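Reader: Please take me through one part of this model closely, and set out the terms as they come up. I would like a connected account rather than a list.

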Amino acid sequence: MSHIIKTTLWEIISQNISDTESGWLTEKGSASPIELMTAFVASPRFLTKKIVNVDQEQETALRDAIPGFTVTGWSLVRTARVWLLTRLEDSDKDVFIKNIETLFDTAEMNELVALYSALPVLAFPEQWLFRATDAVRSNMGFVFDAIALHNPYPAKYFSELAWNQLVLKTIFNDKPVHFITGLEERENKNLALILSDFAHERWAAGRSVAPNVWRLVSKFMDETLLSDMKYLFASRQLENQEAAALACYESEYAPAKSLLWEYPEFEKSINEGALTWSNLEFTDLNTYVPTLQR
Amino acid sequence: MCQHCKDSSAPNPSHFEEGDGLANSPAHVEMAWSEYNELIQGMRFFDPHIHMVSRTTDDYQAMRKAGIVALIEPSFWVGQPRTGLSSFKDYYSSLVGWERFRSSQFGIKHYCTMGLNSREANNEPLAEQVMEILPLYIYKEGVVGIGEIGFDDQTAAEEKYYRLQLELAKEAKLPVQIHTPHRDKKRGTERSMAIALEHGLDPSWVIIDHNNEETVKNVLDQGFYAAFTIYPFTKMGNERMVKVVEQYGPERIMVNSAADWGISDPLALPKTAALMKMRGISDEAIRLVTYQNAIDAFGKSGQIDVSDFESGLSVEKTEKFHGNSILRGGQQPDVSKDSLVIQ
């Protein structure tokens, strides 16, 4: 694992803790695996509850070492736990795997968050694939978030099936898809078609779909998806119309282009840069509340 | 308010008693919420003993509405004997995992105590294995004590694992939550206290649970915390509780619901507070026995940060903190229970 990750994490931690805390953590970071694992568990008893401050340089260093990896918004305990895991002896593969599995098996909620946050930096990354998909199956929101949002591991290692489940569950749970790392790179036709079916179910129930999700369909536009775009334009809800406009604009599918011509005001704002997907990146979604417009 | 309690003598199945199961009598007759909510306006409650794993989301909503801001879920027997170590592991994990999360969704801070309960201490081969994994759980964030441990049948095996867990509590610097037996209660309580003192535990770190009028005096005199469980039929009624507080004052006394899968009441604290208020007990005394004393006792674990819940554990705050909604789907935290239409 990257030396830069280890040192940058430590740099971030050390500028966010007291000398006593630093002394405790340094000692545990060089301790035997069992002692280090106990420290992983016990760290909330020794470290302050706070969010770490991260400099721009440190943020960049982390991202350069592992694209998409970030600790911004993490608590000190979470950051320290991930750092401890980077210090866990991994020269013997079997022992290392057993130790990590033990931590997973007995983890409480915040430990799970730290473990999943650490997946991108752990040795033997393919080993954690089942665990990672288990986190997607979790109904503990914080645990799900730790794997699904701002975590580069899934985009790099998930199969298409597992990836699509992750994206769908994010949408299903009204979480912001634009927080998923690698969203654009992992777009695929199956996902686009599943989204269309999903939207039809939602609409049948009188519920709505977060407009931002339509960014995932433009490359795969076909007759079915085009009829969804028409539905969105006809919805009389501005965000839906904007989403349809953006999806059609980005599409190479000729009928989608023609559809957009019928709405020149949207095309104009897209051309002027006034309308982008970022206009539709909401974080306070509640698509289960019945929509009133129909 | 509870006149009908006296008329009923039907046993109530709970984890305290075998109860032969027929839940054919009503729980205590409830004074309508609208009649007592005025009395406890602005009060907040800390329930130091409640088994939420057996309760529904309706309970969580009602608790939050009634001012319960935090709770402790002691580990206990699950109604039938566990057959293997994995069931214990999964149960312990759920107390610091799924149950903790479930509670947070309703704006209630969830703590727990970890321990091998007295009934299952009697299965010695399994108990041995449980003791081996217990240290993995007691240092977890939000674990505020070893509990609920103590005596049930008062067997040798129960005593053995009780003593081992007292040592564990000392080692981990954690308070102890002691379940006292139903049968032969008075002597069982005395014995539990004597053993705790014999092991050198500071009584102010030990909470003796399920007290009644007969046990309380000695518990307080020896410097222990005395917890009272308001639980219909088999434990304390809250009218009796009012009298206990009138007699002994609020010091080192705490009230809990111990609500579980039996006919029990997750709103025991707010209801008891309302009753105390009606009977003229001071607001400060009510605050001590339904909130502060539990925090002082279990706070010795270093795991209770009142800023997490003293102004209510804000669902919105948590949401903002994590940058997105914590609720599964977009479910509203408050769904109208009276509406015929379900959306």
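Author:

**A close look at helix α1 of chain A and its surroundings**

In α1(A), the buried residues are T8(A), L9(A), I12(A) and I13(A), where buried means that 20 or more other C-beta atoms, placed from the backbone, lie within 10 Å of the residue's own. Because these residues cover an arc of only 135° around the axis, they lie on the same side of α1(A); the arc is that of the directions from the helix axis to the C-beta atoms. This is a predicted model, in which local features need pLDDT of at least 70 and side-chain atom pairs count only at pLDDT 80 or more, while totals for chains, interfaces and linings use all residues. Residues are numbered from 1 along each chain as its sequence is written, and chains are lettered from A and ligands numbered from 1 in the order in which they are written.

Helix α1(A) itself covers residues 3–14, and its 12 residues reach 16 Å from the first C-alpha to the last, close to the 16 Å expected at 1.5 Å a residue; the expected span is 1.5 Å times one less than the number of residues. Helices here are DSSP runs of H or I with at least four residues, and strands are runs of E with at least two, both numbered from the N terminus.

The buried residues of α1(A) pack against three stretches of chain A, namely α2 (19–29), α4 (56–65) and α5 (76–87), with a contact counted if two C-beta atoms, placed from the backbone, lie within 7 Å. Two of these helices, α2 and α5 of chain A, also appear in the cover of α3(A), which includes α6 (93–105) and α7 (109–118) as well. In α3(A), which runs over residues 33–42, the buried residues are M37(A), A39(A), F40(A) and V41(A).

Turning to the chain as a whole, chain A has 16 helices and 0 strands, and its C-alpha atoms fill a box of roughly 65 × 35 × 35 Å, taken along the principal axes. Of the 294 residues of chain A, 40% count as buried. Among the contacts in chain A with a separation of 6 or more, 72% are between residues 24 or more positions apart.

Chain B offers a strand to set beside these helices: in β5(B), residues 176–179, both faces are covered, with V176(B) and I178(B) buried on one side and Q177(B) and H179(B) buried on the other.

Note on methods: Buried ≥ 20, exposed ≤ 12 C-beta atoms within 10 Å, placed from the backbone.
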